[in-house]
Amino acid sequence: MRSADDTVGGRQAPTVSPARRKWRPYILSIPATVILIGILYPFVQGVGYTFLNYRATEGDVHFIGLGNYLQVFTDPLFWGSVRITLTFAIVATALETVLGVIIALLLNRSSLIGKIFEKVLILPLMIAPVIAGVIWKLMFNPQFGILNHIFNLGSTFDFLSEGRALWSIIMVDAWIYTPFVAILVLAGVRSLPKEPFEASAVDGAGWFYMFRRLMLPMMWPYILVAVIFRFMDCLKVFDIVYVLTQGGPGHATSTLQVNAYINSIINFNYSGGATYMFILWIIVYLTAQQLVKLLGRAQARAAGSEA
Amino acid sequence: MARKEMMPGQKRFTAPAILGDVAILAWFVFSLFPIVWMVMLALKTPAEQTTTYFRFSPTLENFVTVLTARGTALTSVDFKAALVSSTINCLGAVVVSLVVGIPAAYAAGRWKFRGSDSLMFNLLSFRFAPELMVIVPLFVIYNGLGLFDTTFGMIWVLQLVTMPLVVWILRSYFEDLPEDLEQAALLDGYSRKRAFTMVALPLVRPGIAASALLAFIFAWNNYMFPLILTNSGSVTVAITKFLGGGGQAYYNLTAAAGVVGALPPLILALTIQRYLVQGLSFGAVKG
């Protein structure tokens, strides 16, 4: 497939030398590679920051080895941040996956309601997360917010209090991103082959048995793609947290990326922020590797169950 | 569509079917209420902005105020300027991504060459890398080079959002394109360049449109880059400023700005709904 140039090469366009043909993909990729390097360079520089004592207020910037890492790893604030980030990512991803799968299955029934709602399903997903955060911030307001009014909670109930803020943010995240899981899974469900289901229906299998034994294994790769995207994005959540609480009250919602922002941009501690980010990057990278491995296995198994 | 046989409660008027409809209805009330509320708030008069009533006298006053920044305390937020610079930055970023990304996507989709996988993987890793890892050093570099709060600076950094999207989506389109079509053109004596522009390119036009619009949406919705690398150069940053840091908040103006800022992505998203799944999953799931 990919080496068509070689097979046709003898017969076509003798003016194109083999060398030029060989280099063509590289030449075509040069501009993209240049941009790539332009982005990789700051990344590498950021990694370099983690070994310096680089602050805007520091006159003498020099190499301090693993000093930043030692400081971060002994800082209870960092571990609190890790705990908050993981809680957020795991709970939000799980919630969105379960709700998204349910919504996809319900919309797949091709009822009239499903057909109408499918069109508007993606609206929250396409609005900027910041705007979503702003809307919910207005609705959460204890004095003037609509939610306290509708649910008759009085003006002392605060959705963004220290104990509730993280859960409220998870709800906002689910509001935005459940449709993402739903449309991916829905596309997956619709692409499944029909025959196995008809065959087992003839054999008299109930829907739950079919769901458990046929549908779920075949849908699994699609669900996993959604989970990978959601979990990775949740680990680096920033926009909605920053708009809704700026990491507060106290440190109740200070996820790793919010913390790094406050560290490096607000407090000008570039090295401190970069250290947080590099650790987060390692977490994201390792998690991605495991999830992608899982996806490969699931795809192989689903292909097997289809055969 | 074809699946209705084995779904729970597939018959129209059974108890599970009704339960399913109630559940889906509940989700859509939850899903649409905040949007409806934002639109209502945007239409309320300043005097009504802190009320929670559903009945009010609608006015377009807030939109006028937001777009002309007339209010005395509001002159600090130039929403119109933010709209203009968001539009320029995002359009510029998408154009650069297309010009640079289409050849790379074609190369990666057509030929297996050494380094193609690592190029693609690195591009994808930008999609998942914590943005601050790049933005903090960029903040320092931009301040040094005088690129802070410039169009060039924003277009450059937005490549982080738009490039991976364009290249990954278009690669999957080029891969799906039967190579026979180009081969036929080559045998007819077309050069590879003409076979590409006359045969391959027109056939992936839907993919180009979808990836360009999606890239625009994500660039438009981006918050962190303009927050750190500009003063107020984006719609997303400007909207949060209406919430006000100095005591007084303008709920109705915030909502009006939110409606204006949300409209372009929503309109674009509805026009490419057919390609959305493939785009959102970077080609991993075909819609």
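This is a short tour of the contact between chains A and B, and of a few helices worth selecting along the way.

Before you click, note that this is a predicted model, in which local features need pLDDT of at least 70, side-chain atom pairs count only at pLDDT 80 or more, and totals for chains, interfaces and linings use all residues. Residues are numbered from 1 along each chain as its sequence is written, while chains are lettered from A and ligands numbered from 1 in the order in which they are written.

**Stop 1: the interface.** Color the two chains separately. Chain B puts 88 residues into the contact and chain A puts in 90 (in contact: C-beta atoms, placed from the backbone, within 7 Å). Now pick helix H1 of chain B, residues 15–43: with 14 residues, H1 supplies the largest share of the chain B side. Helices here are DSSP runs of H or I, at least four residues, numbered from the N terminus. The chain B side divides into 61 nonpolar, 19 polar and eight charged residues (nonpolar: Ala, Val, Leu, Ile, Met, Phe, Trp, Tyr, Cys and Pro; charged: Asp, Glu, Lys and Arg; polar: the others, Gly among them).

**Stop 2: H7(A) on H1(B).** Keep H1(B) and add H7(A), residues 129–140. Their axes, 10 Å apart, make an angle of about 80°, so H7(A) is roughly perpendicular to H1(B) (65 to 115 degrees). Axes are lines fitted to C-alpha atoms over the stretch in contact, with angles from 0 to 180 degrees between N-to-C directions. Show side chains for Ile135(A), Trp136(A), Leu138(A) and Met139(A), which meet Pro34(B), Trp37(B), Met38(B) and Leu41(B). This contact has eight nonpolar residues, no polar and no charged.

**Stop 3: H7(A) on H12(B).** Swap H1(B) for H12(B), residues 251–271, which packs on H7(A) at about 150° with the axes 10 Å apart. That makes the two roughly antiparallel (over 145 degrees). From H7(A), look for Ile131(A), Val134(A), Ile135(A) and Leu138(A); among their H12(B) partners are Tyr251(B), Gly258(B) and Gly261(B). By class, this contact holds seven nonpolar, three polar and no charged residues.

**Stop 4: inside chain B.** Select H3(B), residues 79–110, and H9(B), residues 205–221: the axes come within 9 Å and cross at roughly 140°. H3(B) and H9(B) are therefore oblique (angles outside the parallel, perpendicular and antiparallel ranges, the first being under 35 degrees). The H3(B) residues to show include Ser86(B), Cys90(B) and Ala93(B), with Ile208(B) and Ala212(B) among those in H9(B).

**Last stop: a bent helix.** Finish on H11(A), residues 207–235, spanning only 36 Å between its end C-alpha atoms, where a straight helix of 29 residues would span 42 Å (1.5 Å times one less than the number of residues). Zoom in on Leu216(A), where H11(A) bends by about 45°, with Pro217(A) following within four residues (the bend is the angle between axes fitted to the seven residues ending there and the seven starting there).

Notes
Contact = placed C-beta atoms within 7 Å.
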